[in-house]
Amino acid sequence: MKKLIFAFILAIAATTTASAQVVVNGVNINNLEQVSMIRMIAQERFLSSKVTIFIDYGQSVKGGSRRTMEVINPQDGERIRFNSVMHAVNYLIDNGWRYVEAMVLPSEGNASTTGGSTQYLFVRD
């Protein structure tokens with residue numbers, strides 16, 4: 001019985017610790033003291049109901065590749081595929097970030113062009 005209770009407590013502790021991680025390109029941004037604000041960029045995926053989420057915390061993006069800005073699952077190292085923008089917003093809130101505001105930016109700076117992105121600002125809670 002004691003082993004069962006210990007295993008249960010250990011599982012809860014591991015889940016609590018794991019939920020306090022937002023990993024971007026191998027970096028847990030929750031552990032970076034100098035990062036107090038982040039920008040989440042949400043783009044709809046072509047022919048899909050899912051969205052691609054990128055996190056900008058001030059990191060270097062080499063060669064303009066946004067793959068270094070994708071949120072990674074710390075358990076398996078794979079990119080997290082969010083079902084919707086609200087899924088990603090709730091993920092950040094659950095991990096200690098507070099929503100500040102959102103901005104809709106058209107692609108290529110043309111207000112009449114569709115396919116832009118929505119950007120959300122979060123601060124450390």
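**Note on a predicted model**

1. Start with I55. Leaving aside residues up to four places away in sequence, I55 touches V24, I29, I38, R39, M40, M69, V71 and L92. Keep in mind that this is a predicted model.

2. Next, the core. The largest nonpolar core has 23 residues. Those that touch the most other members are I29, I38, M40, I53, I55 and L92. I55 is thus on this list, and I29, I38, M40 and L92 are among its contacts. In soluble globular proteins, nonpolar side chains tend to be buried together.

3. Where does this core draw two or more residues from a single element? The elements are β3 (37–44), β4 (51–56), α2 (85–94) and β7 (117–124). The largest share comes from α2, with five residues.

4. Now the open sheet. It has three strands, in the order β2-β1-β5, and the pairing is antiparallel. Which strands stand at the edges? They are β2 and β5 (71–72). Each has a single partner strand, so one side of each is left without a neighbour in the sheet.

5. Look at one pair in that sheet. β1 and β2 are joined over two bridges, in the antiparallel sense. In one of them, V23 has N28 of β2 as its bridge partner.

6. The loop between β1 (23–24) and β2 (27–28) deserves a look. G26 has its place there, and N25 is found there too. N25 is not a glycine, yet its phi is positive, at about 55°.

7. Is G26 buried or exposed? G26 is exposed, with a relative accessible area of 66%; the cut-off for exposed is over 50%. Along the chain, G26 and M69 are 43 residues apart. In space, their C-alpha atoms are separated by 10.0 Å. M69 also appears among the contacts of I55.

8. Last, the empty space. How many cavities of 30 Å³ or more does the structure hold? It holds one. The largest cavity has a volume of about 50 Å³.

9. Which residues line the largest cavity? They are R45, V51, T52, I53, R79, I80, R81 and F82. By type, this lining divides into four nonpolar, one polar and three charged residues. I53 links two points of this note: I53 lines the largest cavity, and I53 is also one of the core residues that touch the most other members.

Note on methods: Residues numbered from 1 in each chain as written. Predicted model: local features only at pLDDT ≥ 70, side-chain atom pairs only at ≥ 80, totals over all residues. Heavy atoms only, no water. 1 Å grid on protein atoms, 1.4 Å probe; cavity = no way out; pocket = protein on both sides within 12 Å on 5 of 7 lines; lining within 4 Å. Points joined across faces, edges and corners; volume = space filled by probe spheres on them. Nonpolar A, V, L, I, M, F, W, Y, C, P; charged D, E, K, R; others polar. Helix = DSSP H or I, 4+ residues; strand = E, 2+ residues; numbered from the N terminus. Buried < 20%, exposed > 50% of the residue type's maximum accessible area, 1.4 Å probe, protein only. Pairing = 2+ DSSP bridges. Core = buried A, V, L, I, M, F, W, Y, C linked by side-chain atoms within 4.5 Å. Contact = heavy atoms within 4.5 Å.
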